[in-house]
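This briefing introduces one protein chain to a reader who has not seen it before. Please look over the sequence and the structure first, then read the notes below.

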Amino acid sequence: MATTSSTATSTSPIRSLIPARIDRLPWSKFHTRLVIALGVAWVLDGLEITIAANVGPDLTLHNTLNLGAGSVADIAWWYLIGEVIGALFFGQLSDKLGRKNLFVITLGVYLIGSGLTALTPGGGHWIIFLYATRVIAGMGIGGEYAAINSAIDEMIPAKYRGRIDLAVNGTYWGGALIGTVVTLFLLNHAAAEWGWRIAYLVGPVLALCIIYVRRNLPESPRWQIMHGREQAAEGSIREIEEQVEATKGPLPPVDESKELEITPTARIGYLALLRTLFRQYPGRSVLVFALMSTQSFLYNAIFFTYGLVLEYFFHVKPTDTAYYFFAFAAGNLAGPLTIGRLFDTIGRKKMIAGTYLLSGILLLIVSFLFKAGSLNATTQTLAWAVIFFFASAGASAGYLTASEVFPLEVRAKAIAVFFAIAQCFGAFGAAWYGHLIGTGQDRNTLFIGYVVGAVAMMLGGLAAVFLGVNAEGKSLEDVATPLSVIAKPSAAIFRSGDARSAVNPVPTDGGDDRVGGAESVPDPRYGEHDDPSPTRDDGTPLA
């Protein structure tokens, strides 16, 4: 059990079993409530993207906002810009202030932004107001990605972490399905000037229901103990244990050998973070970059242009494209929910590589069928559903990888950095595919785009083959040693050697964007995470 101290924040070494106490917990109602309360972030993002896409045509009408087609298309861009800003800004705050403090803030920012969107007056310069509200809503969702993924990983027991992360990430498509149903009903049964406004209020109403639940969640004990908040961490872990005991009975014993010795570290800024990630974690950084950027490129390219493909190449009426979307979204949702467990049993490396490579190969086959004119609207949609059944599970595992292979102290910022980079690739993919579609007269140009997307996914799969990390069933502290940890049991350290070597990778007297003062002196265990075949003292391999 972690000891207590007389001060709220400790700067002297702390001995703690908190990570081991979290990982030995059985699944309980507490964990279900945690996942529902935090996982709604992905539902809201899928909801927002789908509503924006579906109500766009109505915003061009004279009795709504009377926007031009270009102005409507720009709405998605401003939302994307907001997501990037929010991920970077709130990601840093999450690592600095804690996960719980951001639970309510990011959701509140989204609620305000989307609610104001629904109140946008028509005409004149109010389009600037509209774009500003989309930036605000995007900032809330971008901040959610960084803070929420960190919190879920840190509070879910190790043996459940993979499947739960994939299921939560996959609920994006549940939100997309809800958005489709809502907009189909409202745009067909409500007056045009009110239908789009009501649609934009669905997300804020859902957010209001979730805020109360989030306020009653505990802070991440892992974050607290790594920042020296010993008493608070003990209070949080006891609260969690009591809630689990109330429904599951007596808890399993704690493995005393997993005790950590911790010295809180100073904060690290984004410039220092980038240097640290690519200099000290080159393998893992390249892996996360490859997984995140390739899936974002393909997803945005296909998702934002599927309606145009159906309309221009298969002559589907614009009012009917939403019905085809149900099959597309169902395939995406089913993947993580049905095969997510395999990422904890078969393993991360094999499953990530397999899903990326298989989806790339299937897309390559479908590309040639599309070029040959062998598909119709139904078979093309079914092909997408099958491809993204696997791609969705792989993409969700990409987010999982970003959130578990870097130290706890920089986890949210690392997620934010790679999320922002991936969004840039996604924006490029959507714009490029739209250009390739043109007027729908030439299948060859879009065929090239599909081939590039297929190759991109296969490259992501190859990155997982050579650089993947077998993190399944392992404590986060065994996957990536926290910067705060100065001693661990020898079996939990990535290499054999002095188990009590000091860790001081961030400055204690310099600015946020400097590592080790004027001269960077990285901890020797940084680079050891990237050794493709490290071993324990007994010779057994480590991830």
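The notes below go from the whole chain to one helix, the cores and a few single residues.

The model is predicted. The chain has 543 residues, of which 59% count as buried. Its secondary structure comprises 21 helices and three strands.

**The chain as a whole**

- Among contacts with a separation of 6 or more, 83% are between residues 24 or more positions apart.
- About 20400 Å² of the chain is exposed, and carbon and sulfur atoms supply 65% of that area.

**Helix α17**

- Helix α17 runs over residues 377-404, which makes 28 residues.
- From its first C-alpha to its last, α17 reaches 40 Å, close to the 40 Å expected at 1.5 Å a residue.
- A kink of about 30 degrees is present in α17, and its centre is Phe-388.
- Of the 28 residues of α17, 22 are buried, so the helix is largely enclosed by the rest of the structure.
- At the start of α17, Asn-376 places a side-chain oxygen within 3.0 Å of the backbone nitrogen of Thr-378.

**Nonpolar cores**

- The largest nonpolar core contains 132 residues.
- Trp-173, Val-309, Phe-388 and Leu-446 have the most contacts inside this core.
- Helix α2 (residues 29-55) gives the largest share of this core, with 14 residues.
- A second core, separate from the largest one, has twelve residues, among them Ile-14, Met-226, Ala-233 and Ile-237.
- Phe-388 therefore appears twice in this briefing: the kink in α17 is centred on it, and it is one of the residues with the most contacts inside the largest core.- Leaving out residues up to four places away in sequence, Trp-173 touches Tyr-299, Phe-303, Phe-325, Phe-328, Ala-329, Asn-332, Leu-333 and Ser-392.

**Glu-144, a buried residue**

- Glu-144 is located in helix α5 (residues 126-155).
- Its relative accessibility is 0%, so Glu-144 counts as buried, the cut-off being under 20%.
- The side chain of Glu-144 makes a polar contact of 2.7 Å with the side chain of Arg-214.
- Apart from neighbours within four places in sequence, the residues in contact with Glu-144 are Ala-41, Phe-103, Thr-106, Leu-107, Asn-149 and Arg-214.

**Loop residues with positive phi**

- Most residues other than glycine have a negative phi.
- Asn-66 has a positive phi, near 55 degrees, and is not a glycine.
- Asn-66 sits in the loop between α2 and α3 (69-97).
- With a relative accessible area of 43%, Asn-66 is partly exposed.
- His-315, also not a glycine, has a positive phi of about 60 degrees.
- The loop that holds His-315 lies between α13 (306-314) and α14 (321-339).
- His-315 counts as exposed because its relative accessibility is 67%, and exposed means over 50%.

**Gly-249**

- Gly-249 belongs to the loop between α10 (230-248) and β2 (260-262).
- Its relative accessibility of 22% makes Gly-249 partly exposed.
- In sequence, Gly-249 and Pro-26 are 223 residues apart, while in space their C-alpha atoms are 9.9 Å apart.

Conventions: Residues are numbered from 1 along each chain as its sequence is written. This is a predicted model: local features need pLDDT of at least 70, side-chain atom pairs count only at pLDDT 80 or more; totals for chains, interfaces and linings use all residues. Side-chain values use heavy atoms; hydrogens and water are left out. Helices (H or I, at least four residues) and strands (E, at least two) are DSSP runs, numbered from the N terminus. The expected span of a helix is 1.5 Å times one less than its number of residues. The bend at a residue is the angle between axes fitted to the seven residues ending there and the seven starting there. Buried means under 20% relative accessible area, exposed over 50%, partly exposed in between (1.4 Å probe, protein chains only). A polar contact is a pair of N or O atoms within 3.5 Å; within protein, one must be able to donate a hydrogen and the other to accept it, and residues adjacent in sequence count only if both atoms are side-chain atoms. A nonpolar core is a set of buried Ala, Val, Leu, Ile, Met, Phe, Trp, Tyr and Cys residues joined through side-chain atoms within 4.5 Å. Contact means heavy atoms within 4.5 Å. Accessible areas come from the Shrake-Rupley method with a 1.4 Å probe; for residues, only the protein chains shown count as cover.
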